[in-house]
Amino acid sequence: RTNKAEEGFRRVTGRERHRERETERDTEERSAGMSDSGESDVDKVLGDIRELAAAEAAAAAAGKEAGGDEKGVAPFQGGEELLKGIASEGEAVPHDDLIHPEEAKAKDPAECLLEEGEWKKNDMFFEYRVKEGEALRLAGNELFKAGKFSEAAVKYRKGLYYAVFDESQFNFELQDDHRLSVVKTVTPLRLNYALCLCKEDYEPLCPPLPSLEGRYAEAIEHCTEVLNWFNPKEPQEGMNPADHTKALYRRATARMKDNDYDRARNDLKEALKLEPNNKDVRGAIATLKTLEKGDIARQKALWSSVVDKVDQENKEQQEAEEAAAAAQGGEREETAEEKREKIKGMLEELEKQDEEARQGG
C-alpha cells in the first residue's frame with residue numbers, strides 16, 4: 001500500500017510540474033510579443049493604422065478648406081509626408097481601392113451589365129457562376145434565332161462575365177471536373193459572341209460591348225482564347241474538335257472584315273486541313289479570293305492616281321519656275337537638246353569662218 005501511495009503522489013507531482021512549465025512558457029511567449037513599452041505588436045500595428053486614418057481625415061478637411069476635393073487632393077504647400085505620392089486633381093490616385101474601398105472600380109467592365117439585385121461573380125460559388133453563364137448562353141441563343149444579334153451579344157458577354165475564371169483560378173483552384181464544366185460553357189459563349197460582333201446588323205447597345213470600329217478586334221480576341229485551348233503542347237481536356245474548325249473559321253471571318261487578308265488566309269488553310277469538306281470554310285476561301293482581287297484592282301487604281309497626281313504636280317511646278325524666271329528677266333536652264341543644237345551652231349559658224357579665211361589668203 002505504501003509503494004502505491006508513493007507512486008500516486010509522484011504522478012500528481014509530475015502533472016503539477018508539467019503545468020507549471022507550460023504556464024512559464026506561455027508567459028515567455030506573451031512577453032516576447034510585447035514592445036519595450038509593454039504594447040503588443042498587434043496593438044502597435046492597429047495604433048499606426050488609426051494614426052494614418054486620423055491624418056488622412058485631417059488632410060481631407062484641410063483640402064476642402066483649400067479648395068480641393070474630399071479625398072485631400074488639395075494644393076498642399078508641403079510638409080505632409082504621409083500624403084506624399086497622392087496624385088494631383090484629375091490624375092489617378094495610387095492604391096485608391098485601398099484608401100477608398102467604397103469607391104473602388106469594378107475589375108471586370110461587364111459588371112455594369114448587372115441589373116439591380118443581381119449577384120456579383122465574386123460573391124457566388126463556382127457551381128452558381130457556371131450555371132448562370134449557361135442560362136445566359138441559352139437566352140442568347142433564343143435572341144440570335146430571332147435575329148436580335150446585338151441583344152444576343154449582351155447575353156453572351158454577360159454569360160462570359162460569370163463563367164470565365166482567371167488563369168490562376170482555372171489552373172490551380174478548380175478541380176478537373178470543374179474545369180470541364182467551364183470549358184463546355186465558355187467555348188460556345190466566346191464563339192457565339194464573336195459571331196454576333198461580325199454581323200452587319202450589330203450595334204453596340206451598351207458598355208462594355210465594343211464599338212463598330214473595334215468589334216472585329218474583340219471577335220478575333222475571343223476566337224484566339226478558344227484556340228489557345230487547342231494548343232498541341234498543352235491541350236485542354238474536354239474540347240470538341242469541331243470547335244477548333246469553328247474558331248478558325250470565325251476568326252478568319254473577322255479578319256476578312258478587318259481587311260487582314262493574309263492572316264485570314266492562314267486561318268482558312270488550317271481550318272481546311274482539319275475539315276476538307278467543310279462548306280463554310282470553302283465558301284469563305286472563295287469570298288477571300290474575290291476580296292483580294294478587288295483589293296488588287298483598288299490598289300492599282302490608287303497607285304495610278306498617285307502617279308498621275310505626281311506628274312501633274314511636276315508639270316505645274318516646271319511651268320511655274322519658267323514663268324518666274326521669265327518675269328525676273330533671267331534665263332531658264334537649257335535642256336540637253338537645246339545645248340546640243342547650240343554647240344552644233346557654234347561648230348558650223350567656226351567652219352564658215354575658216355572657209356572664208358582660206359579664200360581670202
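1. In this predicted model, the second largest pocket is lined by 18 residues, and those that lie nearest its centre are Asp108, Lys121, Arg157, Leu160 and Val164. The space in this second largest pocket comes to about 370 Å³. By residue class its lining divides into ten charged, five nonpolar and three polar residues. Helix 5 (149–163) and helix 8 each supply at least two residues of that lining, and the largest share, four residues, comes from helix 8.

2. The largest pocket has a volume of about 540 Å³. Its lining consists of 19 residues, of which Glu167, Phe170, Asn171, Trp229 and Gln236 are the closest to the centre. Two or more lining residues are given by each of helix 6 (167–173), helix 7 (176–197) and helix 8 (215–228), with the largest share, six residues, coming from helix 7. The lining of the largest pocket contains eight nonpolar and eight charged residues, together with three polar ones.

3. Helix 8 deserves a separate comment, since this helix gives residues to the lining of the largest pocket and also to that of the second largest pocket. Its 14 residues should span 20 Å at 1.5 Å a residue, and because the C-alpha atoms at its ends are 20 Å apart, the expected and modelled spans agree. The buried residues in helix 8 are Arg215, Tyr216, Glu218, Ala219, Ile220, His222, Cys223, Val226 and Leu227; charged residues, Arg215 and Glu218, are therefore included under the cut-off of 20% relative accessible area. The cover over the buried residues of helix 8 includes helix 5, helix 7 and helix 9 (241–257).

4. The largest nonpolar core holds 51 residues, and within it Val182 and Tyr193 touch the most other members. The elements that give two or more residues to this core are helix 4 (126–145), helix 5, helix 7, helix 8, helix 9, helix 10 (261–274) and helix 11 (279–327). Helix 7 provides the largest share of the core, nine residues. As background, nonpolar side chains in soluble globular proteins tend to be buried together.

5. Which residues does tyrosine 193 contact, leaving aside its neighbours within four places in sequence? The contacts of tyrosine 193 are with Ala153, Tyr156, Arg157, Leu160, Leu209, Pro210, Glu218 and His222. Among these partners, Arg157 and Leu160 also appear in the group nearest the centre of the second largest pocket, while Glu218 and His222 are buried residues of helix 8.

6. Lysine 131 offers an example from the surface. This residue is found in helix 4, and its relative accessibility of 60% is why lysine 131 counts as exposed, the cut-off being over 50%. Between lysine 131 and glycine 159 there are 9.4 Å in space, C-alpha to C-alpha, although the two residues are 28 apart in sequence.

7. On the chain as a whole, the secondary structure comes to twelve helices and zero strands, so that the pattern along the sequence, by runs of helix and strand, is α-α-α-α-α-α-α-α-α-α-α-α. Of the 361 residues of the chain, 28% count as buried. Among the contacts in the chain with a separation of 6 or more, 58% are accounted for by residues 24 or more positions apart.

Notes:
Residues are numbered from 1 along each chain as its sequence is written. This is a predicted model: local features need pLDDT of at least 70, side-chain atom pairs count only at pLDDT 80 or more; totals for chains, interfaces and linings use all residues. Side-chain values use heavy atoms; hydrogens and water are left out. On a 1 Å grid over the protein atoms alone, a cavity is a set of points where a 1.4 Å probe fits but cannot get out, and a pocket is an open set with protein on both sides within 12 Å along at least five of seven lines; lining residues have an atom within 4 Å of a point. Grid points are joined across faces, edges and corners, and a volume is the space filled by probe spheres set on the points. Ala, Val, Leu, Ile, Met, Phe, Trp, Tyr, Cys and Pro count as nonpolar, Asp, Glu, Lys and Arg as charged, and the others, Gly among them, as polar. The expected span of a helix is 1.5 Å times one less than its number of residues. Buried means under 20% relative accessible area, exposed over 50%, partly exposed in between (1.4 Å probe, protein chains only). Contact means heavy atoms within 4.5 Å. A nonpolar core is a set of buried Ala, Val, Leu, Ile, Met, Phe, Trp, Tyr and Cys residues joined through side-chain atoms within 4.5 Å.
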